[in-house]
Amino acid sequence: MTAAVRARPFLKWAGGKGQLLTQIEQRLPEELIGGQIRRYVEPFIGGGAVFLHVAQRYAIEQFVLFDINRELVLAYRTIQRAVEALIVRLSELERLYYAEPPEERRAFFYRVRTRFNAGIEAIDFERFDDRWIERTAQLIFLNRTCYNGLFRTNAHSQFNVPFGRYRQPTICMGDNLQAVAAVLARARIESGDFTASAPLADRHSFFYFDPPYRPISKTARFTAYSAQRFDDAAQLRLAEFYRQLHTTGAYLLLSNSDPRNGDPEDDFFERAYAGFAIERVSASRMVNCNANRRGAISELLIANYCVNGL
């Protein structure tokens with residue numbers, strides 16, 4: 001790895017914040033930019049784009065990352081602990097995949113997916129061993145070769161996204177994995193519900209929330225990042241938690257979908273986050289299965305502090 005390599009998300013992630021980083025950067029609290037924030041917390045780490053952006057630019061003493069998706073947490077912890085072994089195994093998977101004739105790669109994908117789903121019973125998600133390396137390599141492989149780069153599981157926690165039919169997907173990005181591992185060396189990674197982050201809130205903390213987005217139409221129901229579905233009741237539970245953290249003096253920024261893309265009268269978030277600063281920013285989303293419905297939409301950024309100049 002060279003000094004020029006900057007860590008980027010190692011997974012494709014539905015709703016990933018790479019394209020919103022400039023707008024989020026403009027809305028970070030001045031106290032973070034000025035060095036008064038000592039702790040950064042993400043209760044939904046997901047693809048980690050905002051965490052990686054902040055961690056490589058600002059002097060913050062502590063980073064604490066949470067997610068309820070234990071497969072995702074396992075992958076982050078594996079990169080943190082055993083990145084070189086992971087790169088070796090992922091490179092081997094990539095070599096084997098490209099050794100297959102193009103017409104056989106679909107079958108290769110499904111063999112890996114079957115092994116991934118069958119292997120869950122043998123995994124201790126709390127105690128590291130070599131099986132974490134194989135499982136994380138499989139996860140990254142599936143993410144890079146499946147349809148739309150989605151992570152979706154069924155009620156039995158089995159990965160169920162179909163083959164993606166990409167011609168030349170990049171599967172192993174060793175330099176980036178090393179760069180991510182270097183950043184994660186400064187982080188604590190926890191498995192759990194977003195409420196587990198509550199003890200970390202104080203006036204020297206900044207929380208960035210990127211929950212599963214609320215669907216903007218009746219047919220857009222992709223909230224299945226884990227076996228638990230993030231429905232409207234969960235969104236309102238998060239809004240109440242946001243209000244509780246606000247009383248601690250912590251700095252809070254939250255992103256979510258804008259329901260008014262689908263229904264101009266839908267004021268779900270205006271009601272849930274009444275009293276906080278709600279801004280609409282432009283984004284482009286490619287997850288919709290209907291190509292005609294992909295493209296520029298607005299999303300919400302909700303802060304409990306004043307954003308100067310915006």
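**Stop 1: the cavities**

Two enclosed spaces of 30 Å³ or more turn up in this predicted model. Empty space of this kind is found by rolling a probe the size of a water molecule over the atoms.

Start with the largest cavity. It holds about 60 Å³ of space. Select Ile45, Gly47, Gly48, Ala49 and Asp210: among the 12 lining residues, these lie nearest the centre. Colour the lining by class and you get 5 nonpolar, 4 polar and 3 charged residues.

Now move to the second largest cavity, with about 30 Å³ of space. Which residues line the second largest cavity? Select Phe10, Leu90, Ile140, Ile171, Cys172, Met173, Asn176 and Leu177. By class, 7 are nonpolar and 1 is polar, with no charged residues in this lining.

**Stop 2: the listed binding-site residues**

Select Trp13, Lys17, Asp67 and Asp210. The UniProt entry, which is unreviewed, lists these four under "binding site". Of them, Trp13, Lys17 and Asp210 belong to the lining of the largest cavity.

Stay with Trp13. It sits in the segment before helix H1, residues 21–25. Is Trp13 buried or exposed? Its relative accessibility is 16%, so Trp13 counts as buried.

Go next to Lys17. This residue, too, is found in the segment before H1. Lys17 has a relative accessible area of 2%, under the 20% cut-off, so it is buried.

**Stop 3: His53 on helix H3**

Select residues 49–55 to show helix H3, then pick out His53 within it. With 12% relative accessibility, His53 counts as buried. Add Leu21 and Glu25 to the selection. His53 touches both, leaving aside residues up to four places away in sequence.

**Stop 4: helix H6**

Select residues 130–145. This is helix H6, with 16 residues. How far apart are the end C-alpha atoms of H6? They are 23 Å apart. At 1.5 Å a residue, H6 should span 22 Å, so the two values agree.

Now show the surface. H6 is mostly covered, with 13 of its 16 residues buried. Find Ile140 as well, which is part of the lining of the second largest cavity.

**Stop 5: the loop after H6**

Follow the chain into the loop between H6 and helix H7, residues 174–184. Gly149 lies here. Gly149 has 1% relative accessibility, so it counts as buried. Select Lys12, Trp13, Asn143 and Tyr166: Gly149 touches these four, not counting residues up to four places away in sequence. Trp13 is a residue from Stop 2, listed under "binding site".

Draw a distance from the C-alpha atom of Gly149 to that of Val161. The two are 12 residues apart along the chain and 8.6 Å apart in space.

Now look at backbone angles. Most residues other than glycine have a negative phi. Two residues in this loop deserve a click.

- Asn148 is in the loop between H6 and H7. Its phi is positive, about 60 degrees, although Asn148 is not a glycine. With a relative accessible area of 26%, Asn148 is partly exposed.
- Arg165 is in the loop between H6 and H7. Arg165 has a positive phi of about 60 degrees and is not a glycine. At 62% relative accessibility, Arg165 counts as exposed.

**Stop 6: helix H7**

Move on to H7. This helix is mostly covered: 9 of its 11 residues are buried. Select the buried ones: Gly174, Asn176, Leu177, Gln178, Ala179, Val180, Ala181, Val183 and Leu184. Asn176 and Leu177 also line the second largest cavity.

What do the buried residues of H7 pack against? Show H3, strand E2 (62–67), helix H4 (70–99), H6 and strand E3 (187–191). You have already visited H3, the helix that holds His53.

**Stop 7: the whole chain**

Zoom out. Colour by secondary structure: there are 9 helices and 7 strands. Switch to colouring by burial. Of the 310 residues in the chain, 52% are buried. Finish with contacts. Among those with a separation of 6 or more, 74% join residues 24 or more positions apart.

Notes:
Residues numbered from 1 in each chain as written. Predicted model: local features only at pLDDT ≥ 70, side-chain atom pairs only at ≥ 80, totals over all residues. Heavy atoms only, no water. Helix = DSSP H or I, 4+ residues; strand = E, 2+ residues; numbered from the N terminus. Expected span 1.5 Å × (residues − 1). Buried < 20%, exposed > 50% of the residue type's maximum accessible area, 1.4 Å probe, protein only. UniProt positions renumbered as here; feature names shortened; annotations may be inferred. 1 Å grid on protein atoms, 1.4 Å probe; cavity = no way out; pocket = protein on both sides within 12 Å on 5 of 7 lines; lining within 4 Å. Contact = heavy atoms within 4.5 Å. Points joined across faces, edges and corners; volume = space filled by probe spheres on them. Nonpolar A, V, L, I, M, F, W, Y, C, P; charged D, E, K, R; others polar.
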